Structure formats: C-alpha cells, structure tokens
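This report describes selected features of a protein structure for a reader who is new to such models. Please keep the sequence and the structure in view while reading.

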Amino acid sequence: MILITGASSGLGAALAELYSQETTVCISGRNAERLSTIATTLGANVDAHACDLSDEQSVTGLFDSLPQTPSVIIHSAGSGYFGRLEDQSAAAINSLITNNITSAIMLLREAVKRYKDKPVTVVMVMSTAAQIAKAEESTYCAAKWAVRGLVESVRLELKKHPMKLIAVYPGGMATPFWASSGKTLNTSQFMSAEEAALMLKQALTATEHGYISDITINRG
C-alpha cells in the first residue's frame, strides 16, 4: 500500500493513477470533493482521506485510517507564491510557510514516530527551487530550502533505522500549481505531471542493497 499526499491535482494525482494500476493507494489532500472524484475515477484500489497536514490531529487521523503500514509514502503537497519580496503580503507568506514547511514537518514527524523501525520509504517532493535561488521566488525558495534542511537532518537521525528518506527536486511542470502562484508564464514547453510521475516512479525502483536517495527531474 502507498500513501500519496497532495493527490487532488498535479503530480500527486498522476502518481496515484500510476500506482493504482498495481497496488492499493491512499490519497490525501485538502479538497475532499476533488479527492473523491479522483478516487472514483481510478477505481477500487484507491481510497481518499481529506487532511490538513498542518494540523496534528488531522495528520494523526490520516495515519490512523490506513489499513496497514504503507511501503511507500510520497509527500507531494505544497503551494507556490511568487513575486518581488516587497510586494508579497504577510498573509500569503504565512500561508506559504504553513502549506510547505509546517505540513512537511508534521507529515514526516508522524511517519517517523510510527514507522522508523520498519522498511518504509518516505519520498519528499520539493522543487529545484530548493537547489538554486531564483529571482522573485524568495519566500518560495526559502520554504523549499527549509524542507531540504528538514530532510537532510532527519536522514541523520534515521541512519541506523530501516526507514529510507528520499528527496525529489522536480522543475518545470505544467500543473494547476501555477494558476494560484501569482506568477504568469508560458508552460507549453514544461513537462506534464504524467511525464514527471513516470520518471519518478522509475527512479524509485530499489534493489536489495541500494536505492536512489536524491532525484532531480528537469524539463528538457
């Protein structure tokens, strides 16, 4: 069984479609209506559970609802907010921090509490903005760099445990993410969520003694 957050659209939804063809998938997101539609479309292998990942009780409820220990947890929830720093509102910055940093911390915290002594793979999807600074993406870069720091620190804590933590840095995807980001750009040459999902799924294939710990998915 696989748990995928942020699955109401974009990369999360594309991953849910791929994995549901071969295993049971629990999908999570904030929009219960969209989640239900996706679950109905994908069929009996998909179960939907709406969740606010920034809320401790909601995260606990999500994990309590899982019928078994997941083999893989893919955290792809998040949001974007762009523009010159002096033009960004405090409310939007706080929302960005909640949607990207707090949610990642709470999700990973609960996964580690429950599964650190089990062979569970946790995949944290970030952005290439966590690798290199970009103009007019200051707070977004700050949020993604924070999640990268979280991942690399928790990896050290898990060094003697069977849980694996994988960092994923996608860049240039044509998804609904951009519509709410405040940034206008032409995404016609960006890769689709389906392309990125296929590449990620292939990269996550592990062997008995090895796995790919850091994955960057760049557009061509």
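## A buried glutamate in α4

Helix α4 contains Glu110. The model examined here is a predicted one. Is Glu110 buried or exposed? Its relative accessibility is 5%, and a residue is called buried when this value is under 20%, so Glu110 counts as buried. Leaving aside residues up to four places away in sequence, Glu110 touches Val59, Thr60 and Phe63.

## The two sides of helix α3

Two of these contacts of Glu110, Val59 and Phe63, also appear among the buried residues of α3, a helix that spans residues 56-65. The buried residues in α3 are Ser58, Val59, Leu62 and Phe63. When α3 is viewed down its axis, these buried residues fall within an arc of 135°, and therefore they line one face of the helix. Gln57 and Asp64 are exposed and sit on the face of α3 that is turned away from the buried side.

Which elements do the buried residues of α3 pack against? They pack against the strands β1 (2-5), β2 (25-29), β3 (46-50) and β4 (72-75), and against helix α4 (90-115). At the start of α3, the backbone nitrogen of Gln57 has a side-chain oxygen of Asp55 within 3.3 Å.

## A cavity and a pocket

The count of cavities of 30 Å³ or more comes to 1. The largest cavity holds about 40 Å³ of space. Its lining consists of His75, Ala77, Asn100, Ala104, Val125, Met126, Lys144 and Val147. Helices α4 and α5 each contribute at least two residues to this lining. By class, the lining of the largest cavity has 5 nonpolar, 2 polar and 1 charged residues.

The second largest pocket has a volume of about 300 Å³. It is lined by 19 residues, and Val72, Thr121, Lys164, Leu204 and Ala206 are those that lie nearest its centre. Strands β5 and β6 (164-170) are the elements that give two or more residues to the lining of this pocket. The lining of the second largest pocket divides into 10 nonpolar, 6 polar and 3 charged residues.

## A positive phi in a loop

Glu136 belongs to the loop between β5 (121-125) and α5 (138-157). Most residues other than glycine have a negative phi. Glu136 is not a glycine, yet its phi is positive, near 60°. Because its relative accessibility is 44%, Glu136 counts as partly exposed.

Terms used
Residues are numbered from 1 along each chain as its sequence is written. This is a predicted model: local features need pLDDT of at least 70, side-chain atom pairs count only at pLDDT 80 or more; totals for chains, interfaces and linings use all residues. Side-chain values use heavy atoms; hydrogens and water are left out. Helices (H or I, at least four residues) and strands (E, at least two) are DSSP runs, numbered from the N terminus. Buried means under 20% relative accessible area, exposed over 50%, partly exposed in between (1.4 Å probe, protein chains only). The arc is that of the directions from the helix axis to the C-beta atoms. Contact means heavy atoms within 4.5 Å. A polar contact is a pair of N or O atoms within 3.5 Å; within protein, one must be able to donate a hydrogen and the other to accept it, and residues adjacent in sequence count only if both atoms are side-chain atoms. On a 1 Å grid over the protein atoms alone, a cavity is a set of points where a 1.4 Å probe fits but cannot get out, and a pocket is an open set with protein on both sides within 12 Å along at least five of seven lines; lining residues have an atom within 4 Å of a point. Grid points are joined across faces, edges and corners, and a volume is the space filled by probe spheres set on the points. Ala, Val, Leu, Ile, Met, Phe, Trp, Tyr, Cys and Pro count as nonpolar, Asp, Glu, Lys and Arg as charged, and the others, Gly among them, as polar.
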